[in-house]
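This report describes a single protein chain for a reader who is new to structural analysis. Please keep the sequence and the model in view while reading.

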Amino acid sequence: MNASLFRRIICLGALLSCIGFMHAQEYKYEIGGMVGTSYYMGDLNKNSFFKGLNPSAGVVFRYTPNFRWAVKTDLLWGRVSGSTDGLENVFPNQATASFSRSFFEIGGQMEFNFMPYSDKFAYLHTKRFSPYILFGIGVTVAPGNETFASLNIPLGIGAKYKVANRLNLGLEFSFRKLFGDSFDVTDGNNAFLDNPYEISGSAFKNKDWYSLLMFSVTWDFGLRCRTCNNRYSSGSF
């Protein structure tokens with residue numbers, strides 16, 4: 001077998017492998033930013049959605065192995081607040097409290113797209129729009145006089161739309177389950193909020209939560225099999 005034929009066979013194999021990956025997704029990665037709102041649920045807000053909205057923002061990175069799945073990491077900043085003002089719930093000794101604090105989050109999530117997500121490969125029934133669900137794990141840190149740190153479990157839903165070949169818009173609503181009841185404790189005046197009724201808890205009972213409603217813009221990069229494509233386009237063999 002001469003060298004020229006060997007190179008052709010190797011490149012043909014690479015091209016077939018490339019096509020297989022292209023069926024998975026045209027680009028491997030996404031990167032971008034997020035802005036939105038955050039709010040807290042805990043002893044000062046038991047079940048009211050979107051109460052006490054505060055700003056939040058962050059950066060996001062995705063690895064997309066195929067049309068259906070994505071692996072996402074994020075780095076977020078946000079604020080949460082709460083108060084006994086207007087609260088129907090009554091604490092022991094008629095205690096009152098309020099708090100406001102910033103938090104930081106780093107986490108990772110798996111996303112499952114309900115539609116095969118892409119603006120190309122129509123023969124594979126891909127769609128420019130897809131709703132999705134997410135789940136994962138992260139770490140939340142809220143610095144201050146009483147620093148709070150905990151693992152969190154993100155659960156949520158979202159939708160993404162490919163505006164152009166490499167440009168994506170997204171809207172996502174998620175809950176973060178914390179493993180502590182002192183997310184709302186910032187000083188001695190609200191220290192009683194760490195288990196105010198002295199009820200025994202567990203990893204999933206009597207713990208605080210926070211939620212995020214985020215709008216994102218991301219850019220695709222990392223074209224698959226770029227070397228193979230360049231060889232074909234340049235006519236090097």
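## Surface and interior

The protein chain exposes about 12300 Å², and carbon and sulfur atoms supply 64% of that area. Accessible areas are obtained by the Shrake-Rupley method with a 1.4 Å probe, and for residues only the protein chains shown count as cover. The model is a predicted one, in which local features need pLDDT of at least 70 and side-chain atom pairs count only at pLDDT 80 or more, while totals for chains, interfaces and linings use all residues. Residues are numbered from 1 along each chain as its sequence is written, and side-chain values use heavy atoms, with hydrogens and water left out.

Of the 237 residues in the protein chain, 39% count as buried. A residue is called buried under 20% relative accessible area, exposed over 50%, and partly exposed in between (1.4 Å probe, protein chains only). Among contacts in the protein chain with a separation of 6 or more, 71% come from residues 24 or more positions apart; a contact means heavy atoms within 4.5 Å.

## Overall fold

The secondary structure of the protein chain consists of two helices and eight strands. Read from the N terminus, the order of elements is α-β-β-β-β-β-β-β-β-α. Helices (H or I, at least four residues) and strands (E, at least two) are DSSP runs, numbered from the N terminus.

The eight strands close into a barrel in the order 1-2-3-4-5-6-7-8, with antiparallel pairing. On average, neighbouring strands of this sheet are turned by 25 degrees against each other, direction ignored. Such angles, which run from 0 to 180 degrees between N-to-C directions, are taken between axes, that is, lines fitted to C-alpha atoms, for helices over the stretch in contact.

## Strand pairs in the barrel

Two strands are said to pair if DSSP finds at least two bridges between them. Strand 3 is joined to strand 4 (residues 98-113) by 15 bridges, and the two run antiparallel. In this pair, W77 has F104 of strand 4 as its bridge partner.

Strand 5 (residues 129-142) and strand 6 (residues 148-162) pair in the antiparallel sense over twelve bridges, and Y132 is matched with G158 in strand 6. Their hairpin has five residues between the strands, and there G144 takes a positive phi near 150 degrees. Strand 6 is also joined to strand 7 (residues 167-178), by eleven bridges and again in an antiparallel arrangement. These two strands form a hairpin with four residues between them, and P154 stands opposite R176 in strand 7.

## Salt bridges

How many salt bridges does the count come to? The total is eleven, where a salt bridge is a side-chain nitrogen of Lys or Arg within 4 Å of a carboxyl oxygen of Asp or Glu. One of them joins E26 and K120, whose closest N and O atoms are 3.4 Å apart. E26 lies in the loop between helix 1 (3-24) and strand 1 (27-41) and K120 in the loop between strand 4 and strand 5, so the pair ties together parts that are 94 residues apart in sequence. E26 is buried, at 10% relative accessible area, whereas K120 is partly exposed at 31%.

R176, already met in strand 7, forms a salt bridge with E105 (2.9 Å, N to O). This pair links distant parts of the chain, with R176 in strand 7 and E105 in strand 4, 71 residues apart. R176 is buried with a relative accessible area of 1%, and E105 is buried with a value of 1%. K46 and D43 also meet in a salt bridge (3.5 Å, N to O); K46 is exposed at 51%, while D43 is buried at 6%. In addition, E30, R62, K72, E111, K160 and E172 are linked in a network of salt bridges.

## A nonpolar surface patch

I31, F61, Y63, W69, V71, M110, F135, L155 and W219 make a nonpolar surface patch of about 780 Å². The elements that give two or more residues to this patch are strand 2 (54-63) and strand 3 (69-83). Patches are made of residues with over 30% relative accessible area and no salt bridge; like charges are joined within 9 Å, and nonpolar side chains (Val, Leu, Ile, Met, Phe, Trp, Tyr) within 5 Å.

F61 is found in strand 2 and counts as partly exposed, at 31% relative accessibility.
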